[in-house]
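Please open the structure in a viewer and show the chain as a cartoon. The stops below are meant to be selected in order.

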Amino acid sequence: MDAGFLTSFSSVPWYVLLPGVVPKLDKVKEASIVHSWIYKGFEKRRFNRFQADRIFFDAALETGFPLWRTALAYLGLTIAGWYVWEGS
């Protein structure tokens with residue numbers, strides 16, 4: 001990755017930020033950066049959208065993020081990720 005790469009980390013819409021449901025996403029910053037890197041088009045020749053989402057899932061688990069929260073984040077990616085993927 002290039003220095004200066006801008007990421008939204010795990011951008012979550014305001015209406016999903018329910019206390020106790022969507023966790024603080026600080027713990028998965030690394031997974032979010034890699035996922036954003038792929039989604040922004042830097043690795044689209046190597047990975048499709050579903051692979052990128054799965055990379056996030058696996059990386060989040062590696063950081064010790066709880067399975068249920070990782071699954072919730074992954075579900076959000078699979079539901080809304082197409083919008084960002086198609087737009088980049």
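**Helix H1 and its neighbours**

Begin with the buried residues of H1, which pack against two helices, H2 (49-62) and H3 (67-87). Keep in mind that this is a predicted model.

Select residues 29-42, the 14 residues of helix H1. At 1.5 Å a residue they should span 20 Å, and the end C-alpha atoms are 18 Å apart, so the two values agree.

Next, within H1, show the side chains of Ala 31, Ser 32, His 35, Ser 36, Trp 37, Ile 38 and Tyr 39; these are the buried residues of the helix.

Now add H3 to the view. Two packed helices are described by the angle between their axes and the distance between the axes. For H1 and H3 the angle is about 45 degrees and the axes are 9 Å apart. H1 is therefore oblique to H3.

Which residues of H1 and H3 meet? On the H1 side, select His 35, Ile 38 and Tyr 39; on the H3 side, select Leu 77, Gly 81, Val 84 and Trp 85. Sorted by class, this contact of H1 with H3 holds 5 nonpolar and 2 polar residues, and no charged residues.

Last, go to Lys 40, which also lies in helix H1. Is Lys 40 buried, partly exposed or exposed? Its relative accessible area is 48%, so Lys 40 is partly exposed; the range for that class runs from 20% to 50%. To finish, draw a distance between the C-alpha atoms of Lys 40 and Trp 85: they are separated by 7.6 Å, although the two residues are 45 residues apart along the chain.

How values were computed: Residues are numbered from 1 along each chain as its sequence is written. This is a predicted model: local features need pLDDT of at least 70, side-chain atom pairs count only at pLDDT 80 or more; totals for chains, interfaces and linings use all residues. Side-chain values use heavy atoms; hydrogens and water are left out. Helices (H or I, at least four residues) and strands (E, at least two) are DSSP runs, numbered from the N terminus. The expected span of a helix is 1.5 Å times one less than its number of residues. Buried means under 20% relative accessible area, exposed over 50%, partly exposed in between (1.4 Å probe, protein chains only). Contact means heavy atoms within 4.5 Å. Axes are lines fitted to C-alpha atoms, for helices over the stretch in contact, and angles run from 0 to 180 degrees between N-to-C directions. Angles under 35 degrees count as roughly parallel, over 145 as roughly antiparallel, 65 to 115 as roughly perpendicular and the rest as oblique. Ala, Val, Leu, Ile, Met, Phe, Trp, Tyr, Cys and Pro count as nonpolar, Asp, Glu, Lys and Arg as charged, and the others, Gly among them, as polar.
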